[in-house]
Amino acid sequence: MQLYWDKGFERTSMADLVKATGMAKPGLYANLGDKEQIFQQALEHYDETVVCPMLEKLLSPSTPLKEALRQSLSGMMHSLRGSGLPMGCFVINSTFECTGEKDRISEYLAQMNAKRRDAYLERLDHAKADGELSKGADTLALANFFTGQSAAIGAMARSGLPLSELDAMVEVALSALPED
């Protein structure tokens with residue numbers, strides 16, 4: 001996962017995968033599949049270990065909406081800082097790299113991005129129903145906005161923007177929440 005996250009799908013070679021796994025090429029193909037299959041497995045692992053826990057936190061009704069959104073937008077960059085893992089979101093980085101391609105990988109990435117958007121929408125709908133968000137709020141537009149902001153923040157994290165500036169981006173994004 002880290003190899004693809006760091007180098008991207010296109011720049012990762014089978015030789016890189018052989019070196020990273022310690023498996024001979026025939027064993028790699030036999031056990032994990034081709035480069036695309038290994039990439040999809042890496043995305044699935046990322047989804048299970050990083051994305052799903054973050055979305056569970058976002059959807060937690062015990063966390064106020066604004067704080068849940070703040071944690072969602074900033075959690076990735078803070079959790080990765082100093083971890084030895086690449087900055088930015090693996091899904092977002094990969095989405096930018098694979099844009100325009102119509103294959104299994106781009107379809108899977110689109111599903112993962114839709115899953116993130118749907119989680120924002122669910123959380124915003126709950127907040128609206130609970131009176132935490134104004135009744136007139138367009139939750140779909142807000143969900144798309146926060147999904148886009150997570151992509152922008154992920155891209156800026158990948159580019160090396162300091163945490164203080166990324167945190168400022170998060171706060172500006174939160175100011176888009178309608179107030180009564």
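Buried here means under 20% relative accessible area, exposed means over 50%, and partly exposed is whatever falls in between. Keep that in mind for this predicted model, since proline 178 comes in at 32% and therefore counts as partly exposed.

**The overall picture**

We're looking at an all-helix layout: the protein has nine helices and zero strands. Reading from the N terminus, the elements simply go α-α-α-α-α-α-α-α-α. Of the 180 residues, 41% count as buried. As for how the chain meets itself, take the contacts with a separation of 6 or more: 66% of them come from residues 24 or more positions apart.

**The annotated stretch near the start**

An unreviewed UniProt entry carries the annotation "DNA-binding region" for residues 13–32. In the model, that span is 80% helix and 0% strand, and its end C-alpha atoms sit 14 Å apart.

Helix H2 (residues 14–21) and helix H3 (residues 25–32) pack against each other here. How are the two arranged, in angle and axis distance? The angle is about 85° and the axes are 10 Å apart, which makes H2 roughly perpendicular to H3, as angles of 65 to 115 degrees count that way. On the H2 side, Met14, Leu17, Val18 and Thr21 make the contact, while H3 brings Lys25, Leu28 and Tyr29. Sorted by class, that contact has five nonpolar residues, one polar and one charged.

**H4 against H7**

Now for another helix pair. Helix H4 (residues 35–59) packs with H7 at an angle of about 0°, with 11 Å between the axes. Angles under 35 degrees count as roughly parallel, so H4 is roughly parallel to H7.

The contact list has plenty of names on both sides. From H4, it includes Phe39, Leu43, Asp47, Val51, Leu55 and Leu58. From H7, it includes Ile105, Tyr108, Leu109, Met112, Lys115 and Ala119. By class, the H4 contact with H7 has 13 nonpolar, two polar and eight charged residues.

Here are the two packed pairs side by side:

| Helix pair | Angle | Axis distance |
|---|---|---|
| H2 and H3 | about 85° | 10 Å |
| H4 and H7 | about 0° | 11 Å |

H7 also lets you do a quick length check. It runs over residues 104–129, and its 26 residues at 1.5 Å each should span 38 Å; the end C-alpha atoms are 37 Å apart, so the two agree. The expected value uses one less than the number of residues, so don't multiply by the full count. Just after H7, glycine 131 takes a positive phi of about 80°.

**Two leucines from this pair**

Leucine 109 sits in helix H7. Is leucine 109 buried or exposed? Its relative accessible area is 2%, so leucine 109 is buried. Leucine 109 and leucine 43 are 66 residues apart in sequence, yet their C-alpha atoms are 8.3 Å apart in space.

Leucine 58 belongs to helix H4. With 1% relative accessibility, leucine 58 counts as buried too. Leaving out residues up to four places away in sequence, leucine 58 touches Ala68, Leu69, Ser72, Ala119, Tyr120 and Arg123. Among these, Ala119, Tyr120 and Arg123 also appear on the H7 side of the contact with H4. Leucine 58 and leucine 73 are 15 residues apart along the sequence and 9.7 Å apart from C-alpha to C-alpha.

**After H7, and the end of the chain**

Glutamate 132 is in the loop between H7 and helix H8 (139–158). Its 39% relative accessibility makes glutamate 132 partly exposed. Not counting residues up to four places away in sequence, glutamate 132 touches Pro64, Leu65, Arg123 and Ala127. The C-alpha atoms of glutamate 132 and glutamate 179 are 9.6 Å apart, with their positions 47 residues apart along the chain.

Back to proline 178, which lies in the segment after helix H9 (163–174). What does proline 178 touch, leaving out residues up to four places away in sequence? The contacts are Leu133, Ser134, Ala137 and Leu142. Proline 178 and alanine 137 are 41 residues apart along the chain, and 6.6 Å separates their C-alpha atoms.

How values were computed:
Residues are numbered from 1 along each chain as its sequence is written. This is a predicted model: local features need pLDDT of at least 70, side-chain atom pairs count only at pLDDT 80 or more; totals for chains, interfaces and linings use all residues. Side-chain values use heavy atoms; hydrogens and water are left out. UniProt positions are given in the numbering used here, feature names are shortened, and annotations may be inferred rather than shown by experiment. Helices (H or I, at least four residues) and strands (E, at least two) are DSSP runs, numbered from the N terminus. Axes are lines fitted to C-alpha atoms, for helices over the stretch in contact, and angles run from 0 to 180 degrees between N-to-C directions. Angles under 35 degrees count as roughly parallel, over 145 as roughly antiparallel, 65 to 115 as roughly perpendicular and the rest as oblique. Contact means heavy atoms within 4.5 Å. Ala, Val, Leu, Ile, Met, Phe, Trp, Tyr, Cys and Pro count as nonpolar, Asp, Glu, Lys and Arg as charged, and the others, Gly among them, as polar. Buried means under 20% relative accessible area, exposed over 50%, partly exposed in between (1.4 Å probe, protein chains only).
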